[in-house]
Amino acid sequence: MDNISVTKEFTWDMAHMLAHHEGMCQNLHGHTYKMQVEIVRFTGNLIKGSDPSKGMVLDFKDLKDIVNERIVKELDHAFMYWVNSPDKTEHEIARILIESGKKVVKVDYRPTAEEMALNFLRILRDEFKKFDVDVKSVKVWETPTSYAKAW
Ligand SMILES: Nc1nc2c(c(=O)[nH]1)N=C([C@H](O)[C@H](O)COP(=O)(O)OP(=O)(O)OP(=O)(O)O)CN2
Ligand SMILES: [Zn+2]
């Protein structure tokens with residue numbers, strides 16, 4: 001059987017720090033994150049009938065709008081704050097930013113590329129169900145040469 005998927009790419013700028021990292025990444029720093037979201041249909045490969053989306057897995061525009069709305073908008077130009085971080089500096093930074101009205105996204109995981117990819121996969125799987133679409137994979141790049149893939 002043949003298979004078909006579609007993939008869209010997203011980017012956002014975000015700051016984070018990796019508590020107890022043995023290298024430079026324990027410091028507050030940022031990345032231009034890149035993410036690829038790959039989707040497939042649950043039933044049949046492509047939309048059929050006279051639908052305006054006939055012949056598509058899902059319109060790229062819908063894919064873009066949903067991922068931007070659910071994931072990217074919240075993260076862009078934010079500080080990703082691990083609420084259970086063992087590093088008191090991270091809590092202090094988050095407190096100052098929040099009190100100053102700056103953008104902080106609270107997460108309950110250490111903000112590694114792996115945790116983000118897994119978390120975004122779960123959120124998007126849930127979100128796309130109503131379109132009869134499954135998320136096959138999510139890849140998150142922190143640097144041009146390093147990415148995590150969840151599927
Ligand atoms: N498995 C993981 N390792 C590391 C992560 C991660 O999320 N998962 N994150 C970091 C840092 O946050 C940051 O991404 C630095 O990564 P690194 O690839 O070491 O950065 P470089 O600037 O050296 O990247 P190059 O593309 O090689 O120049 C650390 N590790
Ligand atoms: Zn980093």
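This briefing describes the fold, the nonpolar cores and one exposed residue of the structure shown above. The model is predicted, and the chain has an average pLDDT of 96. Its central feature is an open sheet of 6 strands with mixed pairing, on which helix H3 packs.

**Confidence**

- A pLDDT of at least 70 is reached by 100% of the residues.
- For the complex, the predictor reports an ipTM of 0.93 together with a pTM of 0.95.

**The sheet**

- Across the sheet, the strands follow the order S4-S3-S1-S2-S5-S6.
- The edges are occupied by strand S4 (104-107) and strand S6 (146-150). Each of these has a single partner strand, so one side of each is left without a neighbour in the sheet.
- From one strand to the next, the twist averages 35°.
- Strand S1, formed by residues 6-16, pairs with strand S2, formed by residues 29-41, in the antiparallel sense. This pairing extends over 11 bridges.
- Within this pair of strands, Val6 stands opposite Ile39 of S2.

**Helices against the sheet**

- Helix H1 (residues 60-75) lies across S1, S2, strand S3 (78-82) and S4. Its direction is at about 15° to S1.
- Helix H3 (residues 113-128) touches S1, S2, S3, strand S5 (133-143) and S6 as it packs on the sheet. The directions of H3 and S5 make an angle of about 155°.

**Nonpolar cores**

- The largest nonpolar core comprises 34 residues. Met35, Val37, Ile39, Val67, Phe120 and Phe128 have the most contacts inside it.
- Two or more residues of this core come from each of S1, S2, H1, S3, S4, H3, S5 and S6.
- Helix H3 gives the most to this core, contributing 7 residues.
- Phe120, one of the residues with the most contacts inside the core, touches Trp12, Met35, Ile71, Leu75, Tyr109, Val138 and Val140. That list does not count residues up to four places away in sequence.
- Another core, of 6 residues, lies apart from the largest one. Its members include Phe79, Tyr81, Ile93 and Val104.

**Asn3, ahead of the sheet**

- Asn3 is located in the segment before S1.
- With a relative accessible area of 63%, Asn3 is classed as exposed, because the cut-off for that class is over 50%.
- Asn3 and Val40 are 37 residues apart along the chain, and their C-alpha atoms are separated by 8.5 Å.

Conventions:
Residues numbered from 1 in each chain as written. Chains lettered and ligands numbered in written order. Predicted model: local features only at pLDDT ≥ 70, side-chain atom pairs only at ≥ 80, totals over all residues. Heavy atoms only, no water. Pairing = 2+ DSSP bridges. Helix = DSSP H or I, 4+ residues; strand = E, 2+ residues; numbered from the N terminus. Axes fitted to C-alpha atoms, helices over the stretch in contact; angles between N-to-C directions. Contact = heavy atoms within 4.5 Å. Core = buried A, V, L, I, M, F, W, Y, C linked by side-chain atoms within 4.5 Å. Buried < 20%, exposed > 50% of the residue type's maximum accessible area, 1.4 Å probe, protein only. pLDDT = per-residue confidence, 0-100.
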